[in-house]
Number of protein chains: 2
Amino acid sequence: MNIDQQKIPQATAKRLPLYYRFLENLYHSGKQRVSSTELSDAVKVDSATIRRDFSYFGALGKKGYGYNVQYLLSFFRKTLDQDEVTKVFLVGVGNLGTALLKYNFTKSDNTQIVNAFDVNPDMIGQDISGVEIYHMNDLPDVKKKRDASIAILTVPAPAAQETAEQLVEAGITGILNFTPERLTVPETVRVHHIDLSVELQTLVYFLKNYPL
Amino acid sequence: MNIDQQKIPQATAKRLPLYYRFLENLYHSGKQRVSSTELSDAVKVDSATIRRDFSYFGALGKKGYGYNVQYLLSFFRKTLDQDEVTKVFLVGVGNLGTALLKYNFTKSDNTQIVNAFDVNPDMIGQDISGVEIYHMNDLPDVKKKRDASIAILTVPAPAAQETAEQLVEAGITGILNFTPERLTVPETVRVHHIDLSVELQTLVYFLKNYPL
DNA sequence: TATTTTTGGAGCAAACGCGAAACAGAGAAT
DNA sequence: ATTCTCTGTTTCGCGTTTGCTCCAAAAATA
């Protein structure tokens, strides 16, 4: 199975969480079956693309019927490893970091921020949304106790690279980087960027230069 | 010139803000010239790709020399319309909305949040980081005064679609959507999604299924 | 002057994403 | 039972993007 999963295009992989969340909504609203066109309307992805995305995983649907919501949901749960909660650290409890702490990832994602870190003495020991804030120096120790492999990076830009190195050294293998900095990390560490400024500027540029 | 710009691949367009910001850093640090390989190290984009991205705009560099930072910067400023400040509304002053208000887009982006909107009576009239908060009902009036064409949407998910419709009706043509909701809007409106949960889940999925 | 550096341009192959069309099979209607 | 319709599955081809390689020309350097 793992060999097959290797072949899934990255673009498809990015859409999976989207599908999963919408299926959850459907399930909770009591819907039992769903067609690719319905899904398409909801998640704004071409129905043919959805069908092919699904077909990477084999025959999930029934012809002339559609997809069974519950079956599809349980399948995605397995595929996305939604059974177990993924533990996440958050590093840098500023405005954005605080907002993310209060943003409830757990509810729909089965990911959970288990600890937060900062260097500001005023923040240490505080509790935001049930997450306790430690000093960065405690990272290695905390890592031993709560074995998170992913960190959300929301420190100020000048501290980004240095902090990332600390994270890597402590054994973090995935970083969700909210800083504008392009991080230099070993090849074994995966970094995803969410660059708010770039997103905004790209939108501006597209609006001005790619009229719809 | 506009005809040429149409031909720029979207993938390139998305990288432009990235280049721009790094060039700004270089400029402020006093560097006068830069090579594509230097840029490549910094922004983590293949140097050949960078050269080709640049070459879409004509011959910007000098052979055997590299690129003149100041010239390149001023060129991008023009191309990205960085001369004028793009006005932006922010709708939904919750945790994330507040964080974005405090996040200083203006400094590097020449985009500025000029007004914020909410429906919570306690928020109306408040001032966060110099941005005054109005009631959503005032949107049409404020729009007339401060002609922003872009809105950042940070309302709770259940209110997303309804709010988006209000924005469209008021004449907003670009929405940066931070809600998990997939918005249904007219074709004339461009929506970019930043879906925090999806980003986090995608990272989890990649870590587990695409070993580096 | 000779050498090194670095761009710009062309070309190419591989990967990828996506839309469309053909196909097959299940359910519904008559 | 037969036909019709809907829908998933599969395959195909087109366009985009990317990384790579050459090469020539220009600039800097020694």
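This is a short chat about how chains A and B meet and what lies around DNA strand C in a predicted model.

Trainee: Let's start with the two protein chains. What turn and shift lay chain A on chain B?

Mentor: Remember that we're looking at a predicted model. Here a turn of 180° with a shift of 0.0 Å along the axis lays chain A on chain B, with an RMSD of 0.2 Å. That is the relation of a two-fold axis.

Trainee: Okay, and why do the copies meet through the same surface?

Mentor: Because 100% of the interface residues of chain A are also interface residues in chain B.

Trainee: How many residues does the contact take from each chain?

Mentor: In general, the size of an interface is often given as the accessible area lost when the parts come together. Here we can count residues instead: chain A gives 50 residues and chain B gives 50 residues. On the side of chain A that touches chain B, the elements giving two or more residues include α2, α3 (36–43), β8 (174–177) and α10. Helix α10(A) brings the largest share of that side, 14 residues. By type, the side of chain A splits into 24 nonpolar, 15 polar and 11 charged residues.

Trainee: Then let's zoom in on α10(A). How do I read its packing against α2(B)?

Mentor: Two packed helices are described by the angle between their axes and the distance between the axes. For helix α10 (residues 196–209) of chain A and helix α2 (residues 10–28) of chain B, the angle is about 125° and the axes are 9 Å apart. That makes α10(A) oblique to α2(B).

Trainee: Is their crossing left-handed or right-handed, and which residues make the contact?

Mentor: The crossing of α10(A) and α2(B) is right-handed. From α10(A), the contact uses Ser197(A), Val198(A), Gln201(A), Thr202(A), Tyr205(A) and Phe206(A). From α2(B) come Ala13(B), Lys14(B), Leu16(B), Pro17(B) and Leu18(B). Sorted by type, the residues of this contact are 7 nonpolar, 3 polar and 1 charged.

Trainee: Now the DNA. How many residues surround strand C, and which are the closest?

Mentor: DNA strand C has 23 residues around it, and the closest are Pro9(A), Ala11(A), Gly64(A), Gly61(B) and Gly64(B).

Trainee: Which helices supply at least two residues of that surface?

Mentor: From chain A, α2 (10–28) and α4 (47–55) each do, and from chain B, α3 (36–43) and α4 (47–55). Helix α4(B) has the largest share, 3 residues. The surface near DNA strand C divides into 8 nonpolar, 10 polar and 5 charged residues.

Notes
Residues are numbered from 1 along each chain as its sequence is written. Chains are lettered from A and ligands numbered from 1 in the order in which they are written. This is a predicted model: local features need pLDDT of at least 70, side-chain atom pairs count only at pLDDT 80 or more; totals for chains, interfaces and linings use all residues. Axes are lines fitted to C-alpha atoms, for helices over the stretch in contact, and angles run from 0 to 180 degrees between N-to-C directions. Helices (H or I, at least four residues) and strands (E, at least two) are DSSP runs, numbered from the N terminus. Angles under 35 degrees count as roughly parallel, over 145 as roughly antiparallel, 65 to 115 as roughly perpendicular and the rest as oblique. A crossing is left-handed if the near helix is turned anticlockwise from the far one by less than a right angle, and right-handed if clockwise. Two residues are in contact if their C-beta atoms, placed from the backbone, lie within 7 Å. Ala, Val, Leu, Ile, Met, Phe, Trp, Tyr, Cys and Pro count as nonpolar, Asp, Glu, Lys and Arg as charged, and the others, Gly among them, as polar. Copies are superposed by least squares on the C-alpha atoms of residues with pLDDT of at least 70 in both. A residue is near a molecule or strand if its C-beta atom, placed from the backbone, lies within 6 Å of it.
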